[in-house]
Amino acid sequence: MTPVILALAAGAVVGLALGGLGGGGSVLAVPALTYLIGLPPADAITTSLIIVTLTSITALSGHARDGNVAWRTGLLFAAAGIVPAMFAGMAAGRLPQAGLTVAFAAVAGLAALRMLRPARTPAVGEVRPAKAGAAGAGLGAVTGLLGVGGGFLAVPALVRVLNLPMRRAVGTSLLVITVNSLAALGARAGAGTHLDWTVIAPFTAAAILGAWDGKRHARRLTGDALQRVFAYVLLAVAVFMLVDAFV
């Protein structure tokens, strides 16, 4: 298969995840760009950030029109993670990549299992700023270490720690991903990464279309069902990363 066809197929999957589940863009895009299309890891990360940023902005607009974005909470959550992400990103260069992969897989697996447990109290969407800031700082540190947008960890935090309903957490996660990805792109500016626009253009176009389709399919599911789908996909990602680290 040609790189363009591979980019279209991978972009559609990434878009479905972002639009329907509010996460998974970088976690899915980086392996696709590396293993399917053959980009070097550094180029794949920067390329994925461009794709995820553009796709997240597009998907965010649709969720915002439906009233499923907690703007104040999302901006506070994202802003609190910027500085920890920068420091964690600097520390990541001194740590073994295999260890970082295992750590991320463990965190992702625990987050998925927590989402599968019945909630003790109903989600009411009332968020205290200190709690949102603390959760955002923790997510920023994790995403800085691993170079991903953080959507797969943002949604569990927004649901279980900040008590947002699942649909509102999905929309708010896209806001967090957009801010995190833009910050990461700014940090990588001038790093000399090669960008192949013959890959970026079809990948992004397919991802944007996939995001709209993912949002449409997500409407057919209840909040609890959407939460379970998200948790199972998160578990699958954790298993894949563990296999990739040890095989």
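Here is a short tour of the charged side chains in this structure, with a word on model confidence.

Keep in mind that this is a predicted model. Across the protein chain the mean pLDDT is 79, and 87% of the residues reach 70 or more. If you go element by element, helix α5 (residues 97-116) comes out with the lowest mean pLDDT, 75, while α9 has the highest, 87.

That helix α9 is a good place to start. How many salt bridges does a search of the whole structure find? Just one turns up. The partners are Arg 216 and Asp 213, whose closest N and O atoms sit 2.2 Å apart. In general, side chains of opposite charge can pair when their charged atoms come close. Here the two residues are three apart in helix α9 (residues 197-218), so about one helical turn separates them.

Are the partners tucked away or out in the open? Neither quite fits, because Arg 216 counts as partly exposed at 40% relative accessibility, and Asp 213 is partly exposed too, at 26%.

Now for the positive side of things. Arg 114, Arg 117, Arg 128 and Lys 131 together form a positive surface patch. One of these, Lys 131, belongs to helix α6 (residues 129-146). Its relative accessible area is 34%, so Lys 131 is partly exposed.

Here are the three accessibility values side by side:

| Residue | Relative accessible area |
|---|---|
| Arg 216 | 40%, partly exposed |
| Asp 213 | 26%, partly exposed |
| Lys 131 | 34%, partly exposed |

Conventions: Residues numbered from 1 in each chain as written. Predicted model: local features only at pLDDT ≥ 70, side-chain atom pairs only at ≥ 80, totals over all residues. Heavy atoms only, no water. Patch = residues over 30% accessible without salt bridge, like charges linked within 9 Å, V, L, I, M, F, W, Y side chains within 5 Å. Areas by Shrake-Rupley, 256 points an atom, 1.4 Å probe, with all protein chains shown as cover. Salt bridge = Lys/Arg side-chain N within 4 Å of Asp/Glu carboxyl O. Lys, Arg positive; Asp, Glu negative; His and termini not counted. Charge placed at Lys NZ, Arg CZ, Asp CG, Glu CD. Helix = DSSP H or I, 4+ residues; strand = E, 2+ residues; numbered from the N terminus. Buried < 20%, exposed > 50% of the residue type's maximum accessible area, 1.4 Å probe, protein only. pLDDT = per-residue confidence, 0-100.
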